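This report looks at one bent helix, at the pairing of aromatic rings and at the state of the cysteines. The structure is shown first, and the description follows.

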Amino acid sequence: MEHHAPPLPDDIIVQVSAAAVAAVDDRSSTSQIEEVDGGDDDDVKAIVGAGGLTRRTFSESYRMRHRNPLEFTPWQVALLAYQSLGVVYGDIGTSPLYTFSSFTLPDPDQDDLLGILSLILWTLTLVSLVKYVFIVLHADDHGEGGTFALYSLLRQHVNITGKTMPVPVTRLASDANLKFHSKKSSLQPRMLKFLEGSVIAQAVITYLVLIGTCMVMGDGALTPSISVLSAVQGIQSRSSRITQGHVVLLCVIILVFLFLYQRYGTGKVSFSFSPIMLVWFVLIASIGLYNIIKYYPPVLKAISPHYIYIFFAKNKRAGWEQLGTVVLCITGAEAMFADLGHFNKKSIQMAYSCLVYPSLILAYAGQAAFLIKNPSKLSTTFYSSIPEPLFWPMFIVATLSAVVASQALISASFSIIRQSIALGCFPRVTMNHTSKKYEGQVYSPEINYFLMIACILITVGFKGGPEIGQAYGVAVIWVMLITTHLITVVMVIIWQINIALAGSFYAAYTVLEGLFTISLLYKIAQGGWVPFAITAFFLIITLSWTYGRSKKNEYETNNLMDSQEFIKTVAMSNRVPGICIFCTDLMKGIPPIVRHYVQHMGCLRELMVFVTVRYLPVTSVLPEERFLFDRLEPFGVYRCIVQYGYMDNQNMEEDEYVVSIIASLKEIAQNADEVAMMDSALANGSTFIFGRVILKMSDNHNCFKRFIINNLYRFLQKNFRSNLSSLKIAPSKTLQIGIQYEI
């Protein structure tokens, strides 16, 4: 069904002004509804005409800053690399705070510690450096990264039909002409044909994406807890009077202040993050080098993988159970891909390869060298290995760095929810833009306070014990495993890499990350259940919302007003001056809400526009690609589709929107009378019509489906923000029509 679009009223805000409308280019053409060849006939529709859908061009000055590819000088790349330290590397950079101390081996000897170090070195190299820096970073969607970007990239190349998809799917013939829509290759790999022909495979990929994004939310709740706790835990070594309870209390206070300060925006929170992280990396590298020289200079011989074999041969089951803890050294590696949109590939590769990776290697090697001589200090590795004169400076820098790490995941959580709302798979929450310069910087109070409560409960519930580390590892490795599956599909379908090479990559990393995952299953009862609980919470919301919306759209499609009924209804109704804007999810046909409206009002405005906001699986839609128009029957009735990418920001108020619509409609006016009618309607004011739909599932369906629709979906409708919430429309110009759909 081609109408699976997010609710229109949510973001009908176009980045133009009344002055910009005057710059509209004349590209009008009449249009009609036709089906597009390929895919499911019910799912793939297009509005096309002599020159395709009418496209409106707005002033070039409204283009977003990242619309055109930029070429950077080496100096600019280096500057971006420096700036990325405070945004991208807070999480992985602070992993030395807690990685070694999360191991629970009794009386570790030199072979144990060299084996652990070897595992850490190889995991850092293979996963963070080889996989993410050299491979995954190249799977960007026009500069944007993350799980949603991977899915968006696949959606642009794979004709996903959408009937059983939890994420709304629409396709128009004009999509392929968008600037930020990737072009398909003329070659058709077998996997592409398989995916387009297999609804099950498409559903598996979609559910993997949803699970991965929900897992990141779990990561967002765990990162602040473990980072801040590990940073302040060192204060216990200063006095025997300071108990673990005091440490937990201090951690909670820092977390509360961190979350309360989010309302002021990422820019104000993170203005000094890069210098903090630069100092952090220099200090941990210097201390690591000092410890290597002082305690055990040949410690880097752990680069030989035979120490891994010795470790497992000696510890057997105990060693296997410790394998999952190694994952903590790569926490935050996925942030290099997720935050790609703020920088570029070269800057992130430069920062990691030249500073972050060497610093982490020296830090871990120095800690291992210290532990070889002081094995009893395993549980307090980080602060115990710091030279006494540097304790307090490192305590301050470590605490600040932990805040940086927390901020990165909190901001990422806001962005993920924003993208989920844009793609129609999450109910609307408050989303405030905190920066006029950077459109990606957003703040959601509901998500912020949920994460704050979750962090506090995790910190207090586990009393700052090693269980938090176990839970954190589970969240991290699942996201990475899902990325491995998705990137392999990208390799074969989009990059068209030799199937043997892609298969080798998939086998190697699935085995490696699969072993970590299996090892962490032993930790489920020890805290590993936390990320699964958070994932399940967000997944239930996502699936309940999308299922309810799909049933609503299915009902509306089956109960459309046909053209003859609509023409007759208009003819029998009184036409009063003004504009009536019907907000609908449907891109074809007249929604049943019109029938309900006429029955109760008995009249219609002289100019009616059916408006649908459509979110595409692309990063951005250019202003000149924003509007698609169509003339309907009878006279004075039009359809408008407003298109956005998942990273686009919308900030137009009601008057600007109506003026821009009328200015654009004049471009397809056939005569002076039609233009005069539009001017008259605009002068007489406008009304926005929204449907307030209540779904009720009949007893013909099983109790599980009835519970989802009649309870969960209805609860989400009542308690999350309405479609009107994001529109700056005066209450006197809005009208909600309540209607109950029996499904």
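In this predicted model, helix H11 bends by about 120° at lysine 316. The effect of such a geometry can be read from the ends of the helix, since H11 (residues 306-323) spans only 16 Å between its end C-alpha atoms, whereas a straight helix of 18 residues would span 26 Å at 1.5 Å a residue. Several residues of H11 are buried, among them Tyr307, Ile308 and Phe311, as well as Asn315, Gly319, Gln322 and Leu323. These buried residues of H11 pack against two other helices, namely H4 (110-133) and H18 (499-521).

Aromatic rings form a second theme, and a search of the whole structure finds 27 aromatic pairs. In one of them, the rings of phenylalanine 450 and phenylalanine 537 have planes at 5° and centres 5.1 Å apart, and the pair is therefore stacked, the planes being under 30 degrees apart. This pair links distant parts of the chain, with phenylalanine 450 in helix H16 (residues 445-461) and phenylalanine 537 in helix H19 (residues 529-558), 87 residues apart. Phenylalanine 450 is partly exposed, with a relative accessible area of 26%, and phenylalanine 537 is likewise partly exposed, with a value of 40%.

Phenylalanine 582 and tyrosine 597 form an edge-to-face pair, with 5.4 Å from centre to centre and 90° between the planes. Because phenylalanine 582 lies in strand S6 (residues 574-583) and tyrosine 597 in helix H21 (residues 592-601), the pair ties together parts that are 15 residues apart in sequence. Phenylalanine 582 counts as buried at 1% relative accessibility, and tyrosine 597 also counts as buried, at 7%. Elsewhere, ring pairs link Trp280, Phe382, Tyr383, Phe391, Trp392 and Phe395 into a cluster.

The two pairs described individually are set side by side below.

| Aromatic pair | Centre to centre | Angle between planes | Arrangement |
|---|---|---|---|
| Phenylalanine 450 and phenylalanine 537 | 5.1 Å | 5° | stacked |
| Phenylalanine 582 and tyrosine 597 | 5.4 Å | 90° | edge-to-face |

How many disulfides does the model contain? The count comes to 0 disulfides. Cysteine 580 is in no disulfide, and the nearest cysteine sulfur, that of cysteine 583, is 9.0 Å away. Seen from the other side, the sulfur of cysteine 583 has its closest cysteine sulfur in cysteine 580, and the distance of 9.0 Å is too far for a bond, because a disulfide requires sulfur atoms within 2.5 Å. Cysteine 580 counts as buried at 1% relative accessibility, and cysteine 583 counts as buried at 10%.

Technical notes. Residues numbered from 1 in each chain as written. Predicted model: local features only at pLDDT ≥ 70, side-chain atom pairs only at ≥ 80, totals over all residues. Heavy atoms only, no water. Phe/Tyr/Trp six-rings, centres within 6.5 Å; stacked < 30°, edge-to-face > 60°. Helix = DSSP H or I, 4+ residues; strand = E, 2+ residues; numbered from the N terminus. Buried < 20%, exposed > 50% of the residue type's maximum accessible area, 1.4 Å probe, protein only. Expected span 1.5 Å × (residues − 1). Bend = angle between axes of the 7 residues up to and from the residue. Contact = heavy atoms within 4.5 Å.
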